[in-house]
Amino acid sequence: GTITGALGIFQNITEQKQLETSLRESEQSLRELTSIASDTDRGFEDKLRALLELGTERLGLPYGFLNRIDNEAQNVVQAVGDHPELQTGASAPKSQSYCRKTIEQSTPLSVQNAVAEGWKGDPAYERFDLGCYIGGRVTVDDSLYGSLCFAGQQGRDHEFTDTERTFVELLVQWISHELSTAAFETKLHEINETAQQLMAAESNTQI
């Protein structure tokens with residue numbers, strides 16, 4: 001009984017240590033996320049690239065990408081990593097993407113081991129050959145924009161943890177917010193231009 005008891009305690013300590021490490025890594029990632037996101041000297045694209053790189057480091061996965069998704073296609077807006085099909089500007093039919101499932105749920109979709117989880121015959125697996133994947137739905141003003149994803153060719157030997165999932169959700173929220181702000185600013189700019197044109201037209205007719 002003593003050995004089992006000791007093993008139990010040892011296991012608890014190990015789990016505790018893993019949890020502490022995981023939380024420390026999360027804190028570190030959150031600090032980096034915040035400092036990148038709040039850096040006023042960098043534009044959106046620059047920040048996005050830095051955050052995609054931070055995500056790949058944090059999750060230990062080689063590929064990170066933001067997709068714009070419409071009815072038919074998944075278009076890669078920006079990507080890090082050397083996957084030939086997942087480069088900035090690449091497109092794929094939506095029917096052949098993991099993201100077609102991601103955008104149907106409000107929380108991140110995660111695949112620890114694609115083959116073991118029944119993705120083997122799926123067109124997305126056939127096309128991209130991703131063994132593991134985590135992705136979240138990006139929205140702009142409550143309507144679908146696309147997805148933010150991280151992936152690798154090998155399956156993972158452990159599930160995505162709560163802290164990893166939360167980290168992905170935070171990135172998704174930041175990107176959604178930034179894109180909404182950008183859309184709002186563009187709209188304002190258009191309204192201003194229209195108003196100026198109207199005023200110019202009116203002053204012309206008064207002469």
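What is the volume of the largest pocket? In this predicted model, the largest pocket has a volume of about 160 Å³. Its lining consists of Q18, T21, S22, E25, R58, R156, H158, E159, T161, T163 and E164. Two elements, helix 1 and helix 5, each contribute two or more residues to this lining. The greatest contribution comes from helix 1, which supplies 4 residues. By residue class, the lining of the largest pocket comprises 6 polar and 5 charged residues, with no nonpolar residue present.

The confidence of the prediction bears on the reading of this pocket. The mean pLDDT of the protein is 89, and 93% of its residues reach 70 or more. Among the elements, however, helix 1 (residues 2-37) has the lowest mean pLDDT, at 74. The element that gives the most residues to the lining of the largest pocket is thus also the one with the lowest mean confidence. At the other end of the range stands strand 1 (residues 63-69), whose mean pLDDT of 97 is the highest among the elements.

One residue of the pocket lining, R156, also takes part in a contact between a charge and a ring. The charged end of R156 sits over the ring of F160, at 4.0 Å from the ring centre. A second arrangement of this kind involves K101, whose charged end sits over the ring of W119, 5.0 Å from its centre.

Contacts between aromatic rings were examined next. The count comes to 3 aromatic pairs. In one of them, the ring centres of F44 and W174 are 5.9 Å apart and the planes meet at 25°; because this angle is under the 30 degrees taken as the limit, the pair is classed as stacked. F44 belongs to helix 2 (residues 44-59) and W174 to helix 5 (residues 162-206), so the pair ties together parts of the chain that are 130 residues apart in sequence. The two partners differ in their exposure: F44 has a relative accessible area of 25% and is therefore partly exposed, whereas W174, with a relative accessible area of 11%, is buried.

A further pair is formed by Y98 and Y133. Their ring centres lie 5.0 Å apart with the planes at 20°, so this pair is likewise stacked. The contact links distant parts of the chain, 35 residues apart, with Y98 in the loop between strand 3 (91-93) and helix 3 (99-102) and Y133 in strand 5 (residues 132-140). Y98 has a relative accessible area of 2% and is buried; Y133 is also buried, with a relative accessible area of 0%. Together with W119, these two tyrosines form one aromatic cluster. W119 therefore combines membership of this cluster with a position beneath the charged end of K101.

Finally, the backbone shows positive phi values at two aspartates that flank strand 5 in the chain. D129, although not a glycine, has a positive phi of about 55°. D129 is located in the loop between helix 4 (123-128) and strand 5 and, at 34% relative accessibility, counts as partly exposed. D141, likewise not a glycine, has a positive phi of about 50°. D141 lies in the loop between strand 5 and strand 6 (143-152), and its relative accessible area of 55% places this residue in the exposed class.

Methods
Residues are numbered from 1 along each chain as its sequence is written. This is a predicted model: local features need pLDDT of at least 70, side-chain atom pairs count only at pLDDT 80 or more; totals for chains, interfaces and linings use all residues. Side-chain values use heavy atoms; hydrogens and water are left out. pLDDT is the predictor's confidence in each residue, from 0 to 100. Rings of Phe, Tyr and Trp (its six-membered ring) pair if their centres lie within 6.5 Å; planes under 30 degrees apart count as stacked, over 60 as edge-to-face and the rest as tilted. Buried means under 20% relative accessible area, exposed over 50%, partly exposed in between (1.4 Å probe, protein chains only). A charge sits over a ring if NZ of Lys or CZ of Arg is within 6 Å of the ring centre and within 35 degrees of the ring normal. On a 1 Å grid over the protein atoms alone, a cavity is a set of points where a 1.4 Å probe fits but cannot get out, and a pocket is an open set with protein on both sides within 12 Å along at least five of seven lines; lining residues have an atom within 4 Å of a point. Grid points are joined across faces, edges and corners, and a volume is the space filled by probe spheres set on the points. Ala, Val, Leu, Ile, Met, Phe, Trp, Tyr, Cys and Pro count as nonpolar, Asp, Glu, Lys and Arg as charged, and the others, Gly among them, as polar.
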